[in-house]
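Me: I would like a close look at the salt bridges in this predicted model, and at what surrounds them. Please take your time and connect the parts as you go.

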Amino acid sequence: MQRRDKINYYLDIAQAVALRGTCRRRNFGAILVKNDEIIATGYNGAPRGRENCCDLGYCTREKLNIPRGERYELCRSVHAEANAIISASRSQALGSTLYLACLDCKTGELTAGTSSCAMCKRMIINAGVEQIIVRDTPDEYRIIPVSSWIELDDSLESRLGY
């Protein structure tokens, strides 16, 4: 048996975490890794104690035909990246890598080309995360240095989230 490379190993875990997501559109899984140790995980779902969209049987953004990347204030979920960051202290997150995977809820397939939304990008920057590695296929991924999000401030250009 051939040993899985480290990046895809961590992305496999992020993808497995995504299976816990409760969204009716897309389920994200995120893990924070520092010094080759998983320090936190997160998936998208309603805040603790509130009903999830999968339990309610509908998604408000879907009902209103809101395209991806827009109007997140109407979303019930806390995003996977935010949940991972909330679960780690800033000292743990400083210099860490966030691994991110997204599954389409209707097909169960990986969603290539995803990225963090504008709100999550701001939290990732403030948490001190060094880079994001996003899965596109079972073996392909993108490495995004967080410094590029600081230098190319998309909040000034009105570009949308994932």
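Reply:

**Salt bridges and their surroundings**

In this predicted model, the side chains of Asp-12 and Arg-135 come together in a salt bridge, with 2.9 Å from N to O. Asp-12 belongs to helix H1 and Arg-135 to strand E4, so this pair ties together parts of the chain that lie 123 residues apart in sequence. The two partners sit in unlike surroundings: Asp-12 is partly exposed, at a relative accessible area of 31%, whereas Arg-135, at 1% relative accessibility, counts as buried because the limit for that class is under 20%. Salt bridges that share partners also join Arg-4, Asp-12, Arg-135 and Asp-139 into one network.

Helix H1, which covers residues 6–18, takes part in another such link through Lys-6. The side chain of Lys-6 meets that of Asp-36 in a salt bridge of 3.0 Å, again from N to O. Asp-36 lies in the loop between E1 and E2, and the two residues are 30 apart along the chain. Here both partners are partly exposed, since the relative accessible area is 46% for Asp-36 and 48% for Lys-6.

A further bridge lies between Glu-62 and Lys-106, whose closest N and O atoms are 2.9 Å apart. Glu-62 is in helix H3, residues 60–63, and Lys-106 is in the loop between E3 and H6, so that distant parts of the chain, 44 residues apart, are linked. Glu-62 counts as partly exposed at 27% relative accessibility, while Lys-106 is exposed at 62%. The count of salt bridges in the model comes to seven.

Several of the elements named above also feed the nonpolar interior. The largest nonpolar core has 21 residues, and those with the most contacts inside it are Leu-32, Leu-98, Ile-124, Val-129 and Ile-132. At least two residues of this core come from each of strand E1 (26–34), E2, H4, strand E3 (97–104), helix H6 (118–127), strand E4 (131–135) and helix H7 (146–151). A second, separate core of nine residues includes Tyr-10, Leu-11, Val-17 and Val-33. For Val-129, leaving aside its neighbours within four places in sequence, the contacts are Leu-32, Ala-93, Ser-96, Thr-97, Leu-98, Ile-124 and Val-146.

The open and enclosed spaces complete the view. The largest pocket has a volume of about 340 Å³, and of the 14 residues that line it, Tyr-43, Gly-45, Ala-46, Arg-48 and Asn-83 lie nearest its centre. Strand E2 (37–43) and helix H4 (80–86) are the elements that give two or more residues to this lining, and E2 gives the most, with three. Sorted by class, the lining of the largest pocket holds five nonpolar, seven polar and two charged residues.

As for enclosed space, there are two cavities of 30 Å³ or more, and the second largest holds about 30 Å³. The lining of this second largest cavity is made up of Cys-53, Cys-59, Thr-60, Arg-61, Leu-74, Cys-75 and Arg-76, which divide by class into four nonpolar, one polar and two charged residues.

Note on methods: Residues numbered from 1 in each chain as written. Predicted model: local features only at pLDDT ≥ 70, side-chain atom pairs only at ≥ 80, totals over all residues. Heavy atoms only, no water. 1 Å grid on protein atoms, 1.4 Å probe; cavity = no way out; pocket = protein on both sides within 12 Å on 5 of 7 lines; lining within 4 Å. Points joined across faces, edges and corners; volume = space filled by probe spheres on them. Helix = DSSP H or I, 4+ residues; strand = E, 2+ residues; numbered from the N terminus. Nonpolar A, V, L, I, M, F, W, Y, C, P; charged D, E, K, R; others polar. Core = buried A, V, L, I, M, F, W, Y, C linked by side-chain atoms within 4.5 Å. Buried < 20%, exposed > 50% of the residue type's maximum accessible area, 1.4 Å probe, protein only. Contact = heavy atoms within 4.5 Å. Salt bridge = Lys/Arg side-chain N within 4 Å of Asp/Glu carboxyl O.
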